[in-house]
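Thank you all for coming; I would like to take a few minutes to walk through a structure that may be new to most of you. Please have a look at the sequence and the model as they come up, and then I will begin with one spot on the surface.

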Amino acid sequence: MDTLLTAEIAANSPRYRRRSSTFIDGVHDLPNENSSPMAPAQLYSTMSGRLFHSGRIAIVLVGLPARGKTHVSVSLCRYLQWLGVKTRVFHLGDYRRATMGPGVDVPDDYFFINASAASVMIRQKILKKCREDIYAWLNHENGQVAIYDAVNPLVNGRRSLAKEFAKHDVQTLFLESYVTDDKILQENARSVKISSPDFVGMDPDEAAQLYLKRIDMKIPYFETMSEPDLNYVKMINAGERISYNNVSFGYLSHRIVFYLMNLHIKSRHTFFARAGTSSQQDSYKLDAHLSHEGADYAKKMADTLLAHREAVRDDLIADGGSDSPLKPLTVWTSTRKRTVETAEYLEARGFKVRQRSQMSQLNPGVCEKLSENAIRRLFPDEVSLHEKDPYHHRYPRAESYHDLAVRLEPIILELEREQNDLLIIAHESVLRVLYGYLMACDAMSIPTLKFPRNEIIEIIPASYQNEAKRTIIPGVAEKIIPGSPEDIRIPVPSSGFVSPLSGMGTPAMNSGLGTPAEPNQNIAMSGQTSPLSKDAAVEPEKLKSNLSVRKPENPLSRD
């Protein structure tokens, strides 16, 4: 079973020093940015790490708990990093938990306007430390976008916050997640609190209702965004409708709004599967039909996936979850014959299949079908460049993984927009890049990801990070399991460093990073060294906090 690297190990490593009080995953902290690729696509890149045509931006989340704020902030950070924009999330709730200590909650009047002096003091200490980390990152670490995840319930507090950021020459963009749909609230509350010790043994629906009632009691005053003098975007009912007030949007703010128009917070699982083998020698130029082994694989893959989804639903019902029908499954393929034909069995079962021309495999150029020895003899300089940077380097007349990532950006936006469960059947190179986006992998690890043909990879969304689980497809012929022969067969050397996006957890949580996986279901989390990569990592360990408490400051926004 594959093992995982934790934030504690990365934080204590001499090369990966923790620079803020939150070390959650690669979305939240990026140690040693100067020597490691910050993001997979890196559509933009400057020496300073900042886009010269965009200033510094603070994205301030607004909304009550269970409205999907954390999911939105992490998803937005993942996308901006993918574009090459230096972005970090600062969750005020993490600072609160780290300040109060494990299992200790804030006083009952913590969120009240007329809170007691003790509550105000605690609130000010927490805000002080969080703000200091934000300013330190923007001013001294060339940060460009800081995402401040907190409730921020009051109009006056938001105006004061915008003025405070303006003093530091930081533009403020408020982002409110506003939910009126009771079904979305129940689903969010259930997913947030179903595993909480406070609700052990309770019916999930009752637990969700109790949690929402506690929110109303603890945060009695909340004013939705309507300030005409502030920049804000309001996402209504998980992306069902978006409204925004544009006072002084710049280029980057418009890109953010564009992304949010494609984002939703509804739960959706994404599955990755390889296409079957073709009847002729696999190559980029030939577009052959499936072989007999490929057709047999396609049926076994489909049967395994459908059985897995039913088993997950049965387990959920057994644990007291909803007995509602499975979410519809949509299938995406490239336009290559073998990917289309791999999906035919599912299409015959009534599942919707859509072809995407952008999902064609990486073009290997002149190196297609050449042996490793021939490539080294004919292109020694190219081999040397490739070994130094297998992600950005391209062979003659070929594509690099960076080129493929840029080509797949429209697919990424459609992936965010998709609300059904999704199966992506594609070449291994395409799966590497899409997995790299969803799991916040660094660029250097993407070319090393492995997708054996006898496994289905499942991406499970969560608030702080996505999880990846693998399910074995039984009975697949051994000879068709390995990686694609049309890949350029140059051994990718070890990068020599641990992924800068490794580790998971929160400063105040001393629990493990996840439950042990079944033998055929190895779990990874976004930002961690992937179980799909060559190099094995170590077992998850507990993460402890080193958050210090400082002097009080303005309590104008609330966690």
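The place I would start is a negative surface patch, which is formed by Glu310, Asp314, Asp315 and Asp319. Please keep in mind throughout that what you see is a predicted model. Of the residues in this patch, let me take Glu310, which lies in helix H9, a helix covering residues 292–318. How exposed is Glu310? With a relative accessible area of 39%, Glu310 counts as partly exposed, and it can belong to a patch because patch residues need over 30% relative accessible area.

Let me now turn to another helix, H16, which runs over residues 428–438 and contains Leu438. Is Leu438 buried or exposed? Leu438 has a relative accessible area of 5%, and it is therefore called buried, since that word applies under 20%. Along the chain Leu438 and Glu467 are 29 residues apart, and in space their C-alpha atoms are separated by 9.3 Å.

Stepping back to the protein chain as a whole, its secondary structure amounts to 16 helices and 13 strands. The chain has 559 residues, of which 57% count as buried. If we consider the contacts in the chain with a separation of 6 or more, 76% of them are between residues 24 or more positions apart. Finally, as to the surface, the protein chain exposes about 23,300 Å², and carbon and sulfur atoms supply 51% of that area.

Technical notes. Residues numbered from 1 in each chain as written. Predicted model: local features only at pLDDT ≥ 70, side-chain atom pairs only at ≥ 80, totals over all residues. Heavy atoms only, no water. Patch = residues over 30% accessible without salt bridge, like charges linked within 9 Å, V, L, I, M, F, W, Y side chains within 5 Å. Areas by Shrake-Rupley, 256 points an atom, 1.4 Å probe, with all protein chains shown as cover. Salt bridge = Lys/Arg side-chain N within 4 Å of Asp/Glu carboxyl O. Lys, Arg positive; Asp, Glu negative; His and termini not counted. Charge placed at Lys NZ, Arg CZ, Asp CG, Glu CD. Helix = DSSP H or I, 4+ residues; strand = E, 2+ residues; numbered from the N terminus. Buried < 20%, exposed > 50% of the residue type's maximum accessible area, 1.4 Å probe, protein only. Contact = heavy atoms within 4.5 Å.
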